[in-house]
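User: Got a minute? I'd like to go through this one with you before I do anything else.
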Amino acid sequence: MTDAVQSAHDTTAVVAKRSKLRKLAENKTLWRGITAIVLFVLFWEICSQSKEWFGIQVPFIGKIPPPSAVLDSWVEVLQRPGYWQSWYLSFMRVFLGFIIAMIVGIPFGMALAVNRYFRDIFFPPFEVLRPIPPLAWVPASIIFWPTTELSIAFVTFLGAFFTIVINVLGGARTIDVQYLRAAQSMGASQWDLFRRIILPGTLPSIFTGAAVGMGITWEVVVAAEMISGGGQQSGGGLGFFLWSSYMGGSMAQVIVGMISIGIAGYVSSSLIRYIGQLFMPWRRIF
Amino acid sequence: MAVKEKNAAQKISSTTAKGRGAVSIRNVTKIYDPEGVNVMAVDNCSLEIAAGEVCMIVGPSGCGKTTLLNVIAGFHSLTSGEIYLDDELLCGPDKPLAEQGADRMVVFQNGALFPWKSLLDNVAYGPMVQGILSKSDALDKARDMLDEAGLLDVADKFPGEVSSGMARRAEIVRALINDPKVLLLDEPYRAMDALTKSIMHEALLEMYDRTKVTIFFITHDLEEAIFLGDRAVVMTTRPAEVKKIVSVKIPRPRDYKLLSSEQFRLLVEEAKEAVHEEAIKAFEAGERELA
């Protein structure tokens, strides 16, 4: 009897110790995910190795190199400083445009939200400009700015700016009126109301806008780099890397470029999420 | 005649103003006018609430109870009539919108603790922004008050991390730290199950026995009204005016055993008849609105 209890106790202790690893190992969602990716890569490998099945060319995948060739190309590319330079350049452009968009967009959106006159004057032109896709600004941007670098930064900025402003405005305008009433009843001044209620109440929308804006920023940067090409004064970047690989006829390298941009975008949005959690500890519980 | 009435009203409020927080509602009418469609929410409503009284306002949903509360709190203006707090004019013909102030604290229907502040910071907010206390003093006082309410263990949690019952209790503490003359509660326990509700009731009564703050409590739960209140004021359906006042002469402190007493049951019956009539009217009016 006592032995049984004792052994049961031991078992629970061991289980508790292993439980974390075990939980991960027994996580069916995780295994399904891994299996799916492995199967996908296998499928891709098979399809692009044997170009034809029963005399018919495999659509899409048959035209691109297999994952093994992509991996080879990647290993080779990793040793080139130019590849890392591309990462650096794209990240710099994304963050330059993005940060300026945050610095200008958050106060602008807030001003639209809290001041009626400001909104009446600035919202209509804002709404006229907002639907213009950032890439449609490229020619104008080239005329506006002396260097290609600044033109890219400007188009990138526009990509994030409109999204951030519209989210900040929406977030600040939809704060529950009860919070404002409660704060005012407790004697909050206008400044308190802004700093302690409207600002934290808008933070979730600010970060939603930032996350969406970051995605658009990457799209814009890659497209702008493809358009601007090597250029005399500037160039490079992951978009340029991808485009020049295509021009050079290396499809494996094109895929390396595509996956690199995917990773870069993922890293950027993870960063936004992480910063969001730092700023909004109360949202961690959801 | 009108003057005589006014004098009488004045007399009542001055004789009862031993403590603080006497509310005098005199012939208050509120008409909403959204784009020319007049909706009368409150019609010529008069009510004297004594200092330190627990006044329960009972009526069917949408009858204009909340409008009355919003006028007292200074969220809405009134159309005619006057409201006094301790013989001081809150709002009247020349000043239709009362100033919002910490002498009238509202506890909202859906809860309005700031989700981005811990319970402690929520409670300390009032004295801090008013500059009455320094930040550290405000936090100390908030901690003491949360302790008294049995919420010290969860003081550092965010509202989203605690149960709705705890959040609501913390919200009442947040109101009380401002030392209000009147506590305005708008169906604070509406969405709670009966068990949680009874715990909340006892907690509120315990707080009331300690502070003796005037309470203006809106509900449509009759048992809640009789259990908590000194008086249950039954309102008519929109436009709201006083239909019946049920005095609850049950001594305090009260506890849940009261719920099964004959006296309690009779009082609930008495109020139920009046409320039921109004509920039917409200229901029929609603049908007409839909038709």
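User: How many residues does each chain put into the contact?
Analyst: This is a predicted model, to start with. The contact takes in 15 residues of chain A and 21 residues of chain B.
User: And which helices of chain A each supply at least two residues of the side that touches chain B?
Analyst: Helix 8 (177-185) and helix 9 (190-228) of chain A. Helix 8 of chain A gives the largest share of that side, six residues.
User: What's the breakdown by class on the chain A side?
Analyst: The side of chain A that touches chain B has eight nonpolar residues, plus five polar and two charged.
User: OK, backbone now. Which peptide bond is cis?
Analyst: The one from B:Arg252 to B:Pro253 is cis, with omega near -5°. B:Pro253 sits in the loop between strand 10 (242-247) and helix 8 (262-290) of chain B.
User: What about phi at B:Asp87?
Analyst: B:Asp87 has a positive phi, about 65°, although it isn't a glycine. You'll find B:Asp87 in the loop that runs between strand 4 (80-85) and strand 5 (88-91) of chain B.
User: Is B:Asp87 buried or exposed?
Analyst: Exposed: B:Asp87 has 11 other C-beta atoms within 10 Å, and 12 or fewer counts as exposed.
User: Where is B:Asp179, then?
Analyst: B:Asp179 is in the loop between helix 5 (164-176) and strand 7 (182-186) of chain B. B:Asp179 isn't a glycine either, yet has a positive phi of about 50°.
User: How many C-beta neighbours does B:Asp179 have inside 10 Å?
Analyst: B:Asp179 has 15, so it counts as partly exposed.

Key: Residues are numbered from 1 along each chain as its sequence is written. Chains are lettered from A and ligands numbered from 1 in the order in which they are written. This is a predicted model: local features need pLDDT of at least 70, side-chain atom pairs count only at pLDDT 80 or more; totals for chains, interfaces and linings use all residues. Helices (H or I, at least four residues) and strands (E, at least two) are DSSP runs, numbered from the N terminus. A residue is buried if 20 or more other C-beta atoms lie within 10 Å of its own, exposed if 12 or fewer, and partly exposed in between; C-beta atoms are placed from the backbone. Two residues are in contact if their C-beta atoms, placed from the backbone, lie within 7 Å. Ala, Val, Leu, Ile, Met, Phe, Trp, Tyr, Cys and Pro count as nonpolar, Asp, Glu, Lys and Arg as charged, and the others, Gly among them, as polar.
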